[in-house]
Amino acid sequence: MVYIHSWQEFQDAAESLYSKSPNNTRYCVKWKSSEGKLVLKITDNTTCIKFKTNSSIFLNRFESLNQSLMQKMQNQRPREEPPSAAITTHDALSAAEPDRVSPLPAQTPSSVIPTQTPASGGVKKKKPKKKK
């Protein structure tokens, strides 16, 4: 077992190890709360690499490595974000199809169901304390 001290080296080694033998590769994450350490281990029964840290800075990097490995394990490509976050989904749909009618019927005040309260009062009253 080899502890790698550089995150970039560990990430590259982990991804190359998985791509070399995806059926035999195992990925283990351990959190040692008593020591406050995060230990990552990836092995394919012949090669084992580990990374240990107690810094919270690596959490974002750890999350991106997890996402990358999970996408490879599921045989998916990374999702691309839309270029402009200012356009909402509703605006994009209405701009693309202006004459399309909404599949949901418009709600009128008569179609709104009023909320009903239970007839028995619903809330139990607390019994008063007994006097001594």
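Guide: A nonpolar core, as the term is used here, is a set of buried Ala, Val, Leu, Ile, Met, Phe, Trp, Tyr and Cys residues joined through side-chain atoms within 4.5 Å. Please keep in mind that this is a predicted model.

Visitor: OK, so how many residues are in the largest nonpolar core, and which have the most contacts inside it?

Guide: The largest nonpolar core holds 16 residues, and those with the most contacts inside it are Trp7, Phe10, Tyr27, Leu40 and Ile42. At least two residues of this core come from each of helix H1 (7–20), strand S3 (37–43), strand S4 (48–53) and helix H2 (58–73), and the largest share, five residues, is supplied by H1.

Visitor: Take Leu40, then. What does it touch?

Guide: Leaving aside residues up to four places away in sequence, Leu40 touches Trp7, Phe10, Tyr27, Cys28, Val29, Ile49, Lys50, Phe51 and Phe62. One of these, Phe51, is also the bridge partner of Leu40 in S4.

Visitor: Which way do S3 and S4 pair, parallel or antiparallel?

Guide: S3 and S4 are antiparallel and pair over six bridges, whereas strand S1 (residues 2–3) runs parallel to S4 and is joined to S4 by two bridges. In S4, the residue opposite Tyr3 is Lys50.

Visitor: And what's the strand order in the sheet?

Guide: The four strands form an open sheet in the order S1-S4-S3-S2, with mixed pairing. S1 and S2 are the edge strands and each has a single partner strand, so one side of each is left without a neighbour in the sheet.

Visitor: How many residues of S4 are buried?

Guide: Five of the six residues of S4 are buried, and S4 is therefore largely enclosed by the rest of the structure.

Visitor: Let's switch to H2. Where does it lie, and which of its residues are buried?

Guide: H2 lies across S2, S3 and S4, and runs at about 155° to S2. Its buried residues are Phe58, Phe62, Leu65, Ser68, Leu69 and Gln71, and what covers them includes H1, strand S2 (26–32), S3 and S4.

Visitor: What span does H2 reach?

Guide: From its first C-alpha to its last, H2 reaches 22 Å over 16 residues, which is close to the 22 Å expected at 1.5 Å a residue. Just after H2, Asn75 takes a positive phi of about 60°.

Visitor: Where else is there a positive phi in a residue other than glycine?

Guide: Asn45 has one, with phi near 75°, and this residue is placed in the loop between S3 and S4. The hairpin of S3 and S4 has four residues between the strands. With a relative accessible area of 56%, Asn45 is exposed, because exposed here means over 50%.

Visitor: Different topic, cysteines. How many disulfides are there?

Guide: The count comes to zero disulfides, with sulfur atoms within 2.5 Å as the cut-off. Cys28 is in no disulfide, and the nearest cysteine sulfur, that of Cys48, is 9.4 Å away.

Visitor: Why is there no bond from Cys48?

Guide: The closest cysteine sulfur to that of Cys48 is in Cys28, and at 9.4 Å this is too far for a bond.

Visitor: Is Cys48 buried or exposed, and what about Cys28?

Guide: Cys48 is buried, since its relative accessible area is 15%, while Cys28 counts as partly exposed because its relative accessibility is 32%.

Technical notes. Residues numbered from 1 in each chain as written. Predicted model: local features only at pLDDT ≥ 70, side-chain atom pairs only at ≥ 80, totals over all residues. Heavy atoms only, no water. Buried < 20%, exposed > 50% of the residue type's maximum accessible area, 1.4 Å probe, protein only. Contact = heavy atoms within 4.5 Å. Expected span 1.5 Å × (residues − 1). Pairing = 2+ DSSP bridges. Axes fitted to C-alpha atoms, helices over the stretch in contact; angles between N-to-C directions.
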